[in-house]
Amino acid sequence: MFEVTMFGTTSVNTGGGRAAVNLGGVKPRQILEIMALANGAPVSKERLADLLWEGEPPKSYLATLESYICVLRRQLGSRGRTSVIMTTSKGYALDPAQVRVDLAWCRSLLESARTASDAASGIGLTEQALEVSRQPLLASEPYADWAAREREHLVRELVEGCVRASAQALTLGDGARAVRLARSAVQLDGFAENAWRQMMRALVSTGRRGEALQAFNNLRTLMAGELGVEPAGATQELYLQVLRDESGPLTESGPDSGELRTLLALLRRALDSTPGITVPRGDSGLSFAAVQALAVA
């Protein structure tokens, strides 16, 4: 069985304990990667040429492409009728009976997590997928457009899985796990507001209200600086809900001085952007100003 590694540097374990990193050059390596992305389905020669040469293949691309396939088969030590690279009427394909791809395994775990019959299984499968995908996908292709698109697709799938698993962890009363999974989603995509909202909920569930408010502030700063926009209405509403809510879970020892300072700083910043509210210089008058702001809202 051939093991194709797509996370990190692309390589192939040929089954004899030998990992082939040098696959015969850039183009043969990319052919292998494109076929691995197809997950056993054939890829036409026209499609391969379009991706390999970014929409501008040379006139003699068919002969060149066939030579690359020969090089790749030779590097893999797999030629003839039993080659792991199959030639079909629809193009080239990796034989799924002989090849395993780590990306396909990662996606299989995410799909199994999505359809799991119980929350604990879904969480565990999602965590396995995160473990498989610890390194960047297609790190050997930092500039290829097709590789960048595939990375974007996978990030969306992972973020969706992490947010779902975090919510499942909350239903099981495992707040720490919920925070960890939501934080993984935020690290994968800093602009995924659903991930930030889930992290805020998870933080509140563990009594870390100040950190939840700080999370909103971090998101707001990021979006304003990078996109020039404010967080969506649903995110702002959750932030206001956390500000208003005094009945949520607290830590056993109550908020410490650092958390209180964070809360005061966030409250002052929120009030500064509220029309019609005069923000006092000292902290003692902030509570009154906050009441005014909530009345306006």
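In α4, Leu103, Cys106, Arg107, Leu110, Ala113 and Arg114 meet Glu150, His153, Leu154, Glu157, Leu158 and Arg164 of α6, where contact means heavy atoms within 4.5 Å. By class, this contact has six nonpolar, one polar and five charged residues. Here Ala, Val, Leu, Ile, Met, Phe, Trp, Tyr, Cys and Pro count as nonpolar, Asp, Glu, Lys and Arg as charged, and the others, Gly among them, as polar.

A word on the source. This is a predicted model, in which local features need pLDDT of at least 70 and side-chain atom pairs count only at pLDDT 80 or more, while totals for chains, interfaces and linings use all residues. Residues are numbered from 1 along each chain as its sequence is written, and side-chain values use heavy atoms, with hydrogens and water left out.

Back to the helices, which are DSSP runs of H or I with at least four residues, numbered from the N terminus. Helix α4 covers residues 102-114, and its axis lies 10 Å from that of α6, at an angle of about 30°. The axes are lines fitted to C-alpha atoms over the stretch in contact, and angles run from 0 to 180 degrees between N-to-C directions.

Next, the cysteines. How many disulfides does the structure hold? Zero, a disulfide being a pair of cysteine sulfur atoms within 2.5 Å. The sulfur of Cys162 is 9.7 Å from the closest cysteine sulfur, in Cys106, so the two are too far apart for a bond. Is Cys162 buried or exposed? Cys162 is buried, at 0% relative accessibility, whereas Cys70 is partly exposed at 44%. Buried means under 20% relative accessible area, exposed over 50%, and partly exposed in between, with a 1.4 Å probe and protein chains only.

Methods
Helix = DSSP H or I, 4+ residues; strand = E, 2+ residues; numbered from the N terminus.
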